[in-house]
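Visitor: I am new to this structure and would like to understand how its descriptions are justified. Could you take me through the reasoning behind them?

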Amino acid sequence: MDLLANFALGLETAITPTNLFYCFAGVFLGTFVGVIPGIGPLAAISMLFPITFYLDPTAALIMLAGIYYGTTYGGSTASILLNMPGATSAAVTCLDGYPMAQKGRAGIALFMTTIASFTGGSIGIIMLSLFSPLIAEYALTFGPAEYFALMVLGLVAASTITNSTPSKGLAMVVLGMLIATVGIDSQSGAARFTFGSMSLMEGFGISAMAMGLFGIGEILSSVGAKRDGKIDKSSARLRNMIPSRDDWARSWRPGLRGSAIGSFFGALPGTGPSIASFMAYAFEKRISATPERFGNGAIEGVVAPESANNAADQTAFIPTLTLGIPGSATMALMLGALMVHGIQPGPTLISQQPSLFWGLVMSFWIGNLLLLVLNLPLIGLWVRLLMVPYHYLYPAILVFVCIGAYSVRSNPADVVMVLGFGVLGYVMRLADLPAAPLLLGFVLGPLVESQFRRAMVLAQGDFTVVMTRPIAGTVLALTALLLFWTLASTYLRYRRRTKTTLSAQG
Amino acid sequence: MKALITAAAVAALGAGVAHAQADFPTGPVTLIVPYGTGGSTDMTARPLAIELEEIWGQPVVIQNRPGAGSMIGTTEMTQAAPDGHTLLINTAAITTAPAIQADLQFDPVDDVTPISLLITSPYVLTGGSNVNADDLAGLLEESQERTIFMSTAGPGSSGHFMSELVISASGLNADIVHFGGGGEAYTNMMGGHADTYISTTASVMPYVNDGRIKALAVLAPERFELLPDVPSSGEAGVTGVDIEGWVAVFGPGGMDEELANRINADLAQAMASERMQEQLEQNYAVAGNLTPAEFREIYLRDMQIWQNLADERGIGQ
């Protein structure tokens, strides 16, 4: 009953014309920012942050949040159509989204990502509204040892994320981890591989890497390549956007699983939508009866990460609002928008500012509904975007990528970095090396390293701590099991294959 | 050639001294924030800029130049002309960075003009859910039985320096564990994975007020006027840890003294505004009220203290 009263209070706040307007403005802007490769939510929110000084805190937060989760809705569009992620969390969507588009199923992929985003978002909101304090409390039990175990699980689970040979995938994971060592060492403070450059002290940026590897890499490799007119206008027609019964049947379970995985990683401070989308994809591929379909346009490979990153977007508000601790740079801005007005997030926020908290939660519902209504008709428009000749489209994207890279820290060196990663991405394409494992190694590597070293400081050098702590131990045991399963199934498949070849010969 | 231009600029400045009062500012003023949008320094800078625009009748443009522990933005400021149209707002990080960054691209003594100490607040030693003690004396006792884990927001952060200072001054049996930012340090303290964290009142008080962490001591000889219930480190018999946290405004090196005084006065006026007073109150902080010359002494003194501590404790080596 209490909850209903809270929902009613929230709805009352969210539905006022002013708040409705800012909600719409936020999600509208977010969708476009998401679609444009290069400009991510952090850049967009940073640019708009100053106006929150002049807004009512609830309206300000509703708008900034709208941009945030709106970006994730739009982020997959460029992944699917152009093989360039509009946001880092949509990088993994390229893997199956782009092949779908190449098969003329772009409309269906976009339709399903919108539905998946809505599902993920909704489940995330349910978690946020029902279990916030509980989840926040649980997240606190995760110390360095637990994070370390979780990240190792992530690395193992995701080592087979692409279909290239395992050695290539593994090599790229390691390369990603190595690139991530550039910067200030997490414990000693020593500058590693910075060569005296101040711009390298913070290391390479995740968005610079994603945009370079995928975006610029794609543009570079398209130079000289003949554009085969795969995109026929019919895929923009409504009839060709409606997923088949088979698509639905394949999608609903991955959507729910993705939402669950996303909700979990979103609520943990320090992880977020990007890790969540990778994990959801890796998980779906792992449990799939037909893993070979992944990477070739499997709808599950689009639905799972897209529901995960949207769920993570919503649950990321849990530590921010209930503990007052932002899990990411974007969340720190949200927190800032509250503190500008003297509101301190924390356990007391929900009881002291009920109209703000519940208003925000209800605005998430409204925003997600608006995004659904906004995005479905736009699909036709986006698909038509592919008809723009590449010699107009690509230079424009190149400009946006450079602006986006610059705007994160206002540092020209970041533009050079994004171009450098572009060249790397191009070379990797030539050598048939997968980019997704590189990105994953880059994201998880620093977490594995720094959390392990923190765990070692706290255990005073006792290695067994990562196994004797209950959560960490369980997760590592799971990891070992997964590793064993992978090896065993590979061996069995190998034996079966040799047997068939032998019997065929005999 | 460069020297010639500099000489000409200096000459031009010299000629303008007499009119400095009336002539400033002649155009938009850039206030460099060497941290990201929405951070605590940014949140002080933005309302301050609004107040300064009213006083100066010129736009005051905030430029966020984060990176390298505030040194990217600070370096950029030192390269501007010392005509008051490019200013920097920074925390005590500007005094700790020279102690640990060997390759600074400016001289922290000659290339920086300290103008105004805007805000000061004491550092507070806080304890997490795993700490039984309620004050510093208790913590010292607790550390006889087990190693205390002092968390920081990262190596070279002000909390790192303060933790080393506390260890050095009190003989606390402690190991330092660095997290990736204050937020992570707080969650690990709340979860009982790490024990203490040191930061200024503005950062710690919200969590203390929530009851999630406890304030063990204000690092000062006496109790802090705005937190009468929190014991001081002096009460625990620990001395030599009474450095204050602050936010201050700087100009490029070699700024004309009169101009610095003028900007100092304008900043004081801005700080007296209702908007800024409200912010001070929220942050449990007080306004600085020092002349540029007085502030310069604190700036140089703090830098020396951190340098000595870095040498003694082997920070950044």
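Guide: Let us begin with a term: a residue is buried if 20 or more other C-beta atoms lie within 10 Å of its own, exposed if 12 or fewer, and partly exposed in between. Please keep in mind that this is a predicted model.

Visitor: What makes helix α12 of chain A count as mostly covered?

Guide: The term is applied residue by residue, and in α12(A) 16 of its 16 residues are buried. This helix, residues 300–315 of chain A, reaches 22 Å from its first C-alpha to its last, close to the 22 Å expected at 1.5 Å a residue.

Visitor: Why is Leu52(B) called buried?

Guide: Leu52(B) has 25 other C-beta atoms within 10 Å, and the cut-off for buried is 20 or more, so Leu52(B) is buried. It lies in helix α3 (residues 40–56) of chain B, and, leaving aside neighbours within four places in sequence, Leu52(B) is in contact with Val60(B), Asp266(B) and Ala270(B).

Visitor: Why is Ser199(A) called partly exposed?

Guide: Ser199(A) has 18 C-beta neighbours inside 10 Å, and partly exposed is the class in between 12 or fewer and 20 or more, so Ser199(A) counts as partly exposed. This residue lies in the loop between β2 (191–192) and α9 (206–222) of chain A.

Visitor: How do you know that Ser199(A) touches Asn411(A), Ala413(A) and Gly67(B)?

Guide: Two residues are in contact if their C-beta atoms, placed from the backbone, lie within 7 Å, and by that test Ser199(A) touches these three, not counting residues up to four places away in sequence. As a further detail, the C-alpha atoms of Ser199(A) and Asp414(A) are separated by 8.0 Å, although the two residues are 215 residues apart along the chain.

Visitor: What makes the phi of Phe195(A) and that of Asp432(A) worth pointing out?

Guide: Most residues other than glycine have a negative phi. Phe195(A), which is not a glycine, has a positive phi of about 50 degrees, and Asp432(A), not a glycine either, has a positive phi of about 60 degrees. Phe195(A) is found in the loop between β2 and α9 of chain A, while Asp432(A) is found in the loop between α18 (412–430) and α19 of chain A.

Visitor: Are those two residues buried or exposed, and how do you know?

Guide: Phe195(A) is exposed because it has 7 other C-beta atoms within 10 Å, and Asp432(A) counts as exposed because it has 9 C-beta neighbours inside 10 Å; the cut-off for exposed is 12 or fewer.

Visitor: How do you know that the length of helix α16 of chain A agrees with what is expected?

Guide: At 1.5 Å a residue, the 32 residues of α16 (residues 354–385) of chain A should span 46 Å, and the end C-alpha atoms are 43 Å apart, which agrees. There is also a kink of about 40 degrees in α16(A), centred on Leu378(A).

Visitor: What makes up the side of chain A that touches chain B?

Guide: The contact takes 42 residues from chain A and 37 residues from chain B. The elements that give two or more residues to the chain A side are α14 (329–339) and α19 (435–458) of chain A, and α14(A) gives the most, with five residues. By class, this side of chain A has 19 nonpolar, 20 polar and three charged residues. For the complex, the predictor gives an ipTM of 0.85 and a pTM of 0.87.

Visitor: Which domains does chain B have?

Guide: The domain assignment of chain B gives domain 1 (28–120 + 244–313) and domain 2 (122–236), with C-alpha centres that lie 26 Å apart. Their contact takes 15 residues from domain 1 of chain B and 15 residues from domain 2 of chain B. On the domain 1 side, α5 (93–100), β9 (244–252) and α12 (292–313) of chain B each supply at least two residues, and α12(B) gives the most, with four residues.

Visitor: Which element of chain B has the lowest mean pLDDT?

Guide: Helix α1 (residues 2–16) of chain B has the lowest mean pLDDT among the elements of that chain, 46, whereas strand β3 (residues 86–91) of chain B has the highest, 97. Over residues 1–20 of chain B the pLDDT is below 50. Where pLDDT is low, the predicted coordinates should not be read in detail. Chain B as a whole averages a pLDDT of 90, and 93% of the residues score at least 70.

Note on methods: Residues numbered from 1 in each chain as written. Chains lettered and ligands numbered in written order. Predicted model: local features only at pLDDT ≥ 70, side-chain atom pairs only at ≥ 80, totals over all residues. Domains from an automatic or database assignment. Expected span 1.5 Å × (residues − 1). Bend = angle between axes of the 7 residues up to and from the residue. Nonpolar A, V, L, I, M, F, W, Y, C, P; charged D, E, K, R; others polar. pLDDT = per-residue confidence, 0-100.
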